[in-house]
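Please work through the exercises below with the sequence and the model side by side, and try each task before reading its solution.

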Amino acid sequence: MKKGKLIVFSAPSGSGKTTIVKHLLAQKELNLDFSISAASRDARGEEINGKDYYFISLEEFKQHIKAEDFLEWEEVYRDNFYGTLKSEIDRIWALGKNVIFDIDVAGGLRIKSKYPDETLAVFVKPPSIDELKIRLKKRSTESDDKINMRIAKASVELATAPQFDVVIKNYDLAVALEEATALVKNFVSQ
Ligand code: 5GP
């Protein structure tokens, strides 16, 4: 199978990476398809099974781990497992497209280490931890407990930024979108 490119967007929850990834997916000339992760959490808000995530039970998730079906997986938050199925990459490459990922920092770095030549690993940096808190509260899809869990993890995640190929500062969304588009356009045309 002809390999496409792998474009990883990682960041602390609430940094705006999902918005950036959606914006890139809408640009047909970039020839991107979204890597749909498996997740053991419940669907949130308007999320759709098989589009945003493959929502599966914890038990099913553990069976996939045992069967070595994952390229990478993480227990991102306690009892919330997320992972990239190897079959996702095959599915997207078979379509002749490039894969774009919206995954946590550990998963993103793992993909980069497994496919160093094919991967562009991008870290999206929020203006500050306080701003992250405001964004997560505004989203109001999680309880205060869950928000606090995400904030606690964010500081650890911010420290991994230098390990990525590029850091995009999401201080002004319009600027971040423009920067991300230029970066990906250049990478997929190489
Ligand atoms: P959320 O619950 O907000 O959708 O996602 C929580 C975190 O898990 C986010 O940082 C998201 O990017 C990450 N995530 C989503 N899918 C995967 C995956 O397949 N692997 C890893 N390692 N992280 C993922």
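The exercises that follow concern a predicted model, and they move from the ligand and its surroundings to three individual residues.

**Exercise 1. Find which residues come nearest to the ligand, and sort the shell around the ligand by class.**

Solution. Begin with the residues around the ligand, of which there are 17, and note that S37, Y53, E72, Y82 and D104 come nearest. Then sort the shell by class, which gives 5 nonpolar, 4 polar and 8 charged residues. Finally, turn to the secondary structure: strand 5 (70-77) and strand 6 (80-85) are the elements that give two or more residues to this shell, and strand 5 gives the most, with 4 residues.

**Exercise 2. Locate the polar side-chain atoms of K17, R44 and D102 relative to oxygen atoms of the ligand, and decide which contacts qualify as polar.**

Solution. The cut-off for a polar contact is a pair of N or O atoms within 3.5 Å. For D102, a polar side-chain atom lies 3.1 Å from an oxygen atom of the ligand; for K17, the corresponding distance is 3.2 Å; and for R44, an N or O atom of the side chain is 3.3 Å from a ligand oxygen. Each of these distances can therefore be set against the cut-off of 3.5 Å, and each falls within it. As for the ligand as a whole, taken alone it exposes 510 Å², and the protein buries 96% of that. The space that the ligand takes is the largest pocket.

**Exercise 3. Decide whether E88 is buried or exposed, and identify the side chain that E88 contacts.**

Solution. First place E88 in the chain, where it belongs to helix 3 (residues 86-94). Next consider its relative accessible area, which is 2%, so E88 is buried, given that buried means under 20%. Last, look for a partner: the side chains of E88 and Y54 are joined by a polar contact of 2.7 Å.

**Exercise 4. Examine the phi angles of N31 and D79, and state where each residue lies and how accessible it is.**

Solution. Take N31, which is not a glycine and yet has a positive phi of about 55°. N31 is found in the loop between helix 1 (17-25) and strand 2 (32-34), and because its relative accessibility is 31%, N31 counts as partly exposed. Now take D79, likewise a residue other than glycine, whose phi is positive and near 65°. D79 lies in the loop between strand 5 and strand 6, and its relative accessibility is 45%, so D79 counts as partly exposed.

Note on methods: Residues numbered from 1 in each chain as written. Predicted model: local features only at pLDDT ≥ 70, side-chain atom pairs only at ≥ 80, totals over all residues. Heavy atoms only, no water. Near = heavy atom within 4 Å. Polar contact = N/O pair within 3.5 Å; in protein donor to acceptor, adjacent residues only side chain to side chain. Areas by Shrake-Rupley, 256 points an atom, 1.4 Å probe, with all protein chains shown as cover. 1 Å grid on protein atoms, 1.4 Å probe; cavity = no way out; pocket = protein on both sides within 12 Å on 5 of 7 lines; lining within 4 Å. Sits in = over half its atoms within 2 Å of the grid points. Nonpolar A, V, L, I, M, F, W, Y, C, P; charged D, E, K, R; others polar. Buried < 20%, exposed > 50% of the residue type's maximum accessible area, 1.4 Å probe, protein only.
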